[in-house]
Number of protein chains: 2
Amino acid sequence: MVRKTKEDAEITRQRIINAARESFLSRGVSRTSMEQIASCAGVTRGAIYWHFDNKIELFHAMREQVILPLIDRMDDTLSVEGAEDPLTRIENFLCGTIQILNDSIETRQTYEIMMSKCEYVDEFATVLRQILSNCAGISDKLRMVYEHAKSQGLLRESQDPAQLAMDTHLFFSGLLHLWVKDTDGVQIRPQAIKLVKAHIRLRRN
Amino acid sequence: MVRKTKEDAEITRQRIINAARESFLSRGVSRTSMEQIASCAGVTRGAIYWHFDNKIELFHAMREQVILPLIDRMDDTLSVEGAEDPLTRIENFLCGTIQILNDSIETRQTYEIMMSKCEYVDEFATVLRQILSNCAGISDKLRMVYEHAKSQGLLRESQDPAQLAMDTHLFFSGLLHLWVKDTDGVQIRPQAIKLVKAHIRLRRN
DNA sequence: TTATATACAAACACGAATGTATGTAAATAG
DNA sequence: CTATTTACATACATTCGTGTTTGTATATAA
């Protein structure tokens, strides 16, 4: 219970992040006190303030743990000129993201926190800007893939890739929001994959 | 500055709601204290506690002021068997909602609060459920209109009205989220209407 | 082997927010 | 005209959270 080795400290750090996630989820970010996180992690506030400057740094650490892998994966899934045609790549990207939310509790909880248990004001306004910038990145990537699809004659009629990309991005943004908030799994979780496929089918030649 | 007439009291009540909206918007719901709302409204906490039991009652009052008219409008715009064909009715409903957000500061601010300045935990979890239930209502209405469109042969190929409705609802949900958060008006506000029209065009025969 | 930095726990100081209780002057009912 | 509400303002009690400071045992570097 005293001085730990470096690995022990890293474990403590991770436990604090996990405790923060659980606490944020059940009480909301701003209502969660450092003391609550600490007791949930089995440490004192001293440990938290040792590893993190304050609550928002802790929030950032929690967020990055799930966001960075997702961004990497997006780059992989969308950009790779691989076996599948562009429209299938988009479909796989969307379905794969849903699948990750299904499989990873940490990702699911973090998304729920970001979408309905956090107030984006003051220091948190920065986070919102990061989210928006990330959104712009997704739209951009989608547009490029849709352009490929168009040049390969996969799209019906002459549809604008930029508008298609935005439509898909907004659809998926809405889907994620509802998916995450549908904690009972009644509203749309069961049909999410089917909806994605129908969405893609709508633009296929 | 003492006992007011009934109309004066109603004015005070409305000023408190307005002050709450402004305060919620800039500091977030949970960080906003009753004292801040009071001073912003030019009254004391006593006045607020006279009109409202607590912060969440105040929140509900603020929300209902903009939500109830919107719901009424949805019923009018979508349900009426009028001059326009079903797909145009949907388009008008979506564009009209965007237009209201554009024109009404109160509506815009309230939506921004609900979407990014509020934590849906504890007492506020109820609000989230209301929102979800409202979402289900919108999907339902949309599905019915799409069924009309299908029976009139307005849709391309054989598309499932339920899936189309969900797709539209998710698209619009994503659009509203991004529209509200795009306070600089750079990301999508200028192209929102065009996106709606492209979305509808995609399903037209 | 000793000095120092690390990884926390414990204690302190301070502010801030909430709900309630009490006071009060004027509007309104009878 | 007086009794009672109404529509607040003011004061009080209590709780809770934050950031910082101090203490300390041990890992680690030299």
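**View 1. The protein surface around DNA strand C in the predicted model.** This is a predicted model. DNA strand C is surrounded by 23 residues. The closest are A9(A), T44(A), G46(A) and A47(A) from chain A, with S33(B) from chain B. Two helices of chain A, α1 (6–27) and α3 (45–51), each give two or more residues to this surface. So do α2 (34–41) and α3 (45–51) of chain B. By class, the surface near DNA strand C holds 8 nonpolar, 7 polar and 8 charged residues.

**View 2. The protein surface around DNA strand D.** Here 24 residues lie around the strand. S33(A), A9(B), T44(B), G46(B) and A47(B) come nearest. Chain A supplies at least two residues from each of α2 (34–41) and α3. Chain B does likewise from α1 and α3. Which element gives the most to the surface near DNA strand D? It is α3(B), with 4 residues. The residues of this surface divide into 8 nonpolar, 7 polar and 9 charged.

**View 3. Helix α2 of chain B and its buried side.** Three residues of α2(B) are buried: I37(B), A38(B) and A41(B). Their arc around the axis is only 100 degrees, so they sit on the same side of α2(B). An α-helix has 3.6 residues a turn, so residues three or four places apart point the same way. What covers the buried residues of α2(B) includes α1 (6–27) and α3 of chain B. Just after the helix, G42(B) takes a positive phi of about 75 degrees.

**View 4. Helix α7 of chain B, residues 125–151.** This helix has 27 residues. From its first C-alpha to its last, α7(B) reaches 40 Å, close to the 39 Å expected at 1.5 Å a residue. Its buried residues are C135(B), S139(B), L142(B), V145(B), Y146(B) and A149(B). Which elements cover them? From chain B the cover includes α4 (55–79), α5 (86–103) and α8 (161–181). From chain A it includes α8 (161–181). G153(B), just after α7(B), takes a positive phi of about 70 degrees.

**View 5. The interface between chain A and chain B.** Across this interface, 32 residues of chain A are in contact with 32 residues of chain B. On the chain A side, the elements giving two or more residues are α1, β1 (117–119), α7 (125–151), α8 and α9 (192–201). Of these, α8(A) gives the most, with 11 residues. The chain A side has 16 nonpolar, 10 polar and 6 charged residues. How are the two copies related? A rotation of 180 degrees, with 0.0 Å of shift along its axis, superposes chain A on chain B at an RMSD of 0.0 Å. The copies are thus related as by a two-fold rotation axis. Of the interface residues of chain A, 100% are also interface residues in chain B, so the copies meet through the same surface.

**View 6. K181(B) in helix α8 of chain B.** Is K181(B) buried or exposed? K181(B) counts as buried because 20 C-beta neighbours lie inside 10 Å. Leaving aside neighbours within four places in sequence, K181(B) is in contact with residues of both chains. From chain A these are L128(A) and L132(A). From chain B they are M115(B) and S116(B). R27(B) is 154 residues away from K181(B) along the chain, and their C-alpha atoms are separated by 15 Å.

**View 7. T110(A) in helix α6 of chain A, residues 105–116.** T110(A) is buried, because 24 other C-beta atoms lie within 10 Å. Beyond its neighbours within four places in sequence, T110(A) is in contact with R21(A), M62(A), R63(A) and V66(A). T110(A) and F59(A) are 51 residues apart in sequence. In space they are 9.6 Å apart, C-alpha to C-alpha.

**View 8. Chain A as a whole, for orientation.** Chain A has 9 helices and 1 strand. From the N terminus on, its elements run α-α-α-α-α-α-β-α-α-α. Its C-alpha atoms fill a box of roughly 65 × 35 × 30 Å along the principal axes. Of its 205 residues, 36% count as buried. Among contacts in chain A with a separation of 6 or more, 63% join residues 24 or more positions apart.

Technical notes
Residues numbered from 1 in each chain as written. Chains lettered and ligands numbered in written order. Predicted model: local features only at pLDDT ≥ 70, side-chain atom pairs only at ≥ 80, totals over all residues. Near = placed C-beta within 6 Å. Nonpolar A, V, L, I, M, F, W, Y, C, P; charged D, E, K, R; others polar. Expected span 1.5 Å × (residues − 1). Buried ≥ 20, exposed ≤ 12 C-beta atoms within 10 Å, placed from the backbone. Contact = placed C-beta atoms within 7 Å. Least-squares fit on C-alpha atoms with pLDDT ≥ 70 in both. Arc of directions from axis to C-beta.
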